[in-house]
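Colleague: I would like to go through this model with you, one question at a time. Can we start with the aromatic rings and then move to the helices?

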Amino acid sequence: MQKQSIRSFLMKSNLLKYALSIAFLISAMLIAISVGSVAVPIPEIIKIIGSEVFHLTIGDKVDSMYISIVYDIRLPRVILAGLVGASLAIAGAAFQGLLRNPLADPYILGVSSGASVGAVSTLFFNISIPFLGMYTLPFISILAALATIMIVLFFAKKIDKTMRVESIILTGIIFSAFLGSIISLIIALTGEELQQIMGWLLGSVSMRGWRYVGIILPFLLIGGLLLLINTRELNAMSLGEDRAQHLGVDVGKRKMLILASGSILTGAAVAVSGTIGFVGLVIPHLTRKLWGPDHIHLLPLSMITGAGFLILTDLLSRTIISPQVLPVGVITALVGAPVFAMILIKQRKGR
């Protein structure tokens with residue numbers, strides 16, 4: 001009884017939800033910047049960020065080696081991991097709300113695989129759109145992600161006119177496997193670009209730098225904002241499309257907008273980090289369990305938690321077998337696959 005009352009209090013206390021989530025994110029950032037082959041004390045990190053990023057005047061001088069490690073190497077990596085985690089988590093939360101199933105996420109629906117095909121094709125054929133410049137890669141990844149979700153929905157409707165969630169997820173898994181074979185074909189034909197392409201596919205945020213932070217940030221702002229202004233509609237649609245229509249929601253228009261926004265976020269994340277699976281599955285599921293299903297809070301809290309989660313996962317990937325660095329996508333798969341199985345078993349038992 002006491003456990004239920006504590007959980008009820010946590011769900012109702014919005015200020016506490018955000019305070020704890022933000023504290024988790026800040027702690028994850030400081031720990032990830034601090035830990036490495038050269039340990040940087042946290043007070044020094046705060047001084048460096050204050051002086052280099054926010055241009056604050058700091059009385060005590062900071063070792064130039066620490067400045068180089070933090071500002072040039074670890075801080076951009078940590079921020080990039082946070083932006084990728086936030087993008088995948090909010091996209092997963094939106095897909096789960098829209099499809100009314102906790103198993104839905106960009107990776108399982110095939111959106112990540114579609115974006116990967118776009119990114120790998122861009123690298124393989126050395127595609128560059130003049131007026132887009134460095135945004136060519138995310139632009140093509142986003143187009144491929146959008147095309148994939150549209151094709152998945154088209155075939156799911158052909159298979160099952162009622163568009164049951166199970167049909168959509170099954171179609172997504174089938175297309176993900178098909179797109180994986182296309183990527184394998186490209187790898188088989190690859191020569192000098194093999195190492196670069198393999199780096200994208202395994203998922204990593206290492207050695208990217210501030211340039212990649214600049215690539216993903218505008219897409220996160222656009223996609224995230226579009227989803228956040230549709231939180232009430234997501235609440236309505238999570239009750240069922242018929243009920244949402246009775247409540248005055250333009251279901252067709254809102255559904256396409258949410259799917260497009262999720263594809264923008266996924267495509268941009270894949271473009272800068274490669275395929276990192278299960279973040280969009282695990283984080284919204286955990287956030288929903290902790291803080292409740294209201295999308296008005298679920299989406300922003302998933303963003304914050306997803307950012308902190310991927311920062312810590314990346315830290316684990318570069319320290320667990322140091323000096324070697326594991327792809328962060330491997331760690332998220334090791335965490336996410338058992339969670340996927342657990343949710344699936346729980347759903348089956350519930351039925």
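**Aromatic pairs and helices**

Modeller: The aromatic pairs in this predicted model come to six.

Colleague: What is the geometry of the pair formed by Phe154 and Phe155?

Modeller: The ring centres of Phe154 and Phe155 are 5.5 Å apart. Their planes stand at 90°. Planes over 60 degrees apart count as edge-to-face. So the pair is edge-to-face.

Colleague: How is the pair of Phe155 and Phe175 classed, by its centre distance and plane angle?

Modeller: Centre to centre, Phe155 and Phe175 are 5.3 Å apart. The angle between the planes is 50°. That angle is neither under 30 degrees nor over 60. The class is therefore tilted.

Colleague: How many residues apart in sequence are the parts that Phe155 and Phe175 tie together?

Modeller: Phe155 belongs to helix 6, residues 136–159. Phe175 belongs to helix 7, residues 165–189. The pair therefore ties together parts whose separation in sequence is 20 residues.

Colleague: Which residue of the cluster of Phe154, Phe155 and Phe175 is buried?

Modeller: Phe154 has 47% relative accessibility, so it counts as partly exposed. Phe155 has 37% and is partly exposed too. Buried means under 20%. At 17%, the buried residue is Phe175.

Colleague: Is helix 14 largely enclosed or largely open?

Modeller: Helix 14 covers residues 295–319. Of its 25 residues, 21 are buried. So helix 14 is largely enclosed by the rest of the structure.

Colleague: Which residue caps the N-terminal end of helix 14?

Modeller: The contact runs from a side-chain oxygen to the backbone nitrogen of Ile296. The distance is 3.1 Å. A polar contact needs N or O atoms within 3.5 Å. The capping residue is Asp294.

Colleague: Which residue of helix 14 helps make the nonpolar surface patch?

Modeller: The patch is about 270 Å² and includes Phe24, Ile31 and Val35. Patch residues must have over 30% relative accessible area. One residue in helix 14 has 31% and is partly exposed. That patch member is Leu312.

Colleague: What span should helix 13 have, at 1.5 Å a residue?

Modeller: Helix 13 has 13 residues, 279–291. The expected span is 1.5 Å times one less than the number of residues. The end C-alpha atoms agree with the expected value, which is 18 Å.

Colleague: Which residue just after helix 13 takes a positive phi?

Modeller: Helix 13 itself has buried residues, among them Val279, Pro284 and Trp291. Just after the helix, phi is about 100°. The residue is Gly292.

Colleague: Which backbone oxygen lies 2.7 Å from a polar atom of the Thr122 side chain?

Modeller: Thr122 sits in helix 5, residues 111–124. At 6% relative accessibility, Thr122 is buried. The backbone oxygen 2.7 Å from its side chain is that of Gly118.

Colleague: What distance separates the C-alpha atoms of Ile331 and Ile276?

Modeller: Ile331 is part of helix 15, residues 328–350. Its relative accessibility is 8%, so Ile331 counts as buried. Ile276 is 55 residues away along the chain. The C-alpha separation is 9.1 Å.

How values were computed: Residues numbered from 1 in each chain as written. Predicted model: local features only at pLDDT ≥ 70, side-chain atom pairs only at ≥ 80, totals over all residues. Heavy atoms only, no water. Patch = residues over 30% accessible without salt bridge, like charges linked within 9 Å, V, L, I, M, F, W, Y side chains within 5 Å. Areas by Shrake-Rupley, 256 points an atom, 1.4 Å probe, with all protein chains shown as cover. Salt bridge = Lys/Arg side-chain N within 4 Å of Asp/Glu carboxyl O. Helix = DSSP H or I, 4+ residues; strand = E, 2+ residues; numbered from the N terminus. Buried < 20%, exposed > 50% of the residue type's maximum accessible area, 1.4 Å probe, protein only. Polar contact = N/O pair within 3.5 Å; in protein donor to acceptor, adjacent residues only side chain to side chain. Phe/Tyr/Trp six-rings, centres within 6.5 Å; stacked < 30°, edge-to-face > 60°.
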